[in-house]
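Subject: Structure for you to look at

Dear colleague,

Please find the structure below, with its sequence, for you to open alongside this message. My notes on what was found in it follow underneath.

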Amino acid sequence: TSVGIAAWRSANRLERPRYSVVGAYGGVELRKYSPYIVAEVRSNSDSMKKATSSGFRQVAGYIFGKNKERSKSFFSKSDTPRKMRMTAPVRTEMNSNVPAKKSGEYSLSFVMSSDYSLNNLPVPLNRNVTLRKIPEHYLAVKKFSGPPPTEDKVTKYRDEIVQTLAEKGIAAAREAKDKTYLYQYHDPFATPNFLRKNEVGIPISEKAATTLASSK
């Protein structure tokens, strides 16, 4: 529909974290990300869906006004809320090598605009929302389209990445330290599923990325 196409185009114009593609092997893209800042909510849950739904509402509340300006001095106060621009992707971090465990650790986060630093981002009013700088890092990523993926689908793509990297002698599961990332670039309502971009990624070392990038 025209509404869905408009939503897709709008999402494609959102600011995204900066990265460079350093190589690819067997359908897995190797990326080097520059540092960026996230606003996140961490939780323990028996369901990725529950954790991400709750986290999304809380982080969205922060960027759309549930915040206050940082004081410029000890004596000055400002409670004026600030509305910030939406970015992409919506990030989900799962701290378990099988995301569908009975109880897992999850983090739902939005990437903050590059206009901000930790020194000038407004303070969240919700104590569950925290701000954190993500350092430079490497990810091995698998891209796919479709509706918001289930935990089983995330696990499937993670396993495919691990298997692909194992073919080159890289113990990806050990390198990832049980972390899995799900990146979703488009809304789950207006954008047609065939246009929705999703990614599953696992962190790898610079050495592993260099090894894979040089593979033919």
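How many bridges join strand 5 to strand 6, and in which sense do the two strands run? Strand 5 (residues 90–95) and strand 6 (residues 104–111) run antiparallel and are joined by five bridges, and within this pairing Thr92 stands opposite Leu108 of strand 6.

Before going further, please keep in mind that this is a predicted model. The mean pLDDT of the protein chain is 88, with 91% of its residues at 70 or more. Among the elements of the chain, strand 8 (residues 129–134) has the highest mean pLDDT, at 97, whereas helix 4 (residues 172–176) has the lowest, at 68.

The sheet

The pair described above belongs to an open sheet of nine strands, which pair in the antiparallel sense and follow the order 1-2-9-11-10-5-6-3-8. Strand 1 and strand 8 each have a single partner strand, since they stand at the edges, and so one side of each is left without a neighbour in the sheet. From one strand to the next, the twist averages 30°. Helix 2 (residues 48–63) packs on this sheet, where it touches strand 3, strand 5, strand 6, strand 8 and strand 10 (179–184), and its direction makes about 30° with that of strand 6.

On its other side in the strand order, strand 5 is joined to strand 10 by six bridges, again in the antiparallel sense, and here Met94 stands opposite Thr180 of strand 10. Strand 10 in turn runs antiparallel to strand 11 (residues 197–204), to which four bridges join it, with Tyr181 opposite Gly201 of strand 11. Strand 10 is mostly covered, as five of its six residues are buried.

At the strand 1 edge, strand 1 (residues 19–25) pairs with strand 2 in the antiparallel sense over six bridges, and Tyr19 stands opposite Tyr33 of strand 2. The hairpin that these two strands form has two residues between the strands, and in this hairpin Gly26 takes a positive phi near 55°.

The loop after strand 2

Ser34 lies in the loop between strand 2 (28–33) and strand 3 (36–45). Its relative accessibility is 31%, which means that Ser34 counts as partly exposed. Leaving aside residues up to four places away in sequence, Ser34 touches Arg18 and Glu136. Ser113 is 79 residues from Ser34 along the chain, and the C-alpha atoms of the two are separated by 13 Å.

Cavity and pocket

The structure holds one cavity of 30 Å³ or more, and the largest cavity contains about 50 Å³ of space. Its lining includes Tyr19 and Tyr33, the two residues that stand opposite each other in strands 1 and 2, and among the others are Arg16, Pro17, Tyr36, Arg91 and Tyr183.

The largest pocket holds about 720 Å³ of space and is lined by 30 residues, of which Phe56, Val90, Gln184, Pro188 and Arg196 lie nearest its centre. Helix 1 (2–12), helix 2, strand 5 and strand 10 each supply at least two residues of this lining, and helix 2, which also packs on the sheet, gives the most, with six residues.

With best wishes

Note on methods
Residues numbered from 1 in each chain as written. Predicted model: local features only at pLDDT ≥ 70, side-chain atom pairs only at ≥ 80, totals over all residues. Heavy atoms only, no water. Buried < 20%, exposed > 50% of the residue type's maximum accessible area, 1.4 Å probe, protein only. Contact = heavy atoms within 4.5 Å. pLDDT = per-residue confidence, 0-100. Pairing = 2+ DSSP bridges. Axes fitted to C-alpha atoms, helices over the stretch in contact; angles between N-to-C directions. 1 Å grid on protein atoms, 1.4 Å probe; cavity = no way out; pocket = protein on both sides within 12 Å on 5 of 7 lines; lining within 4 Å. Points joined across faces, edges and corners; volume = space filled by probe spheres on them.
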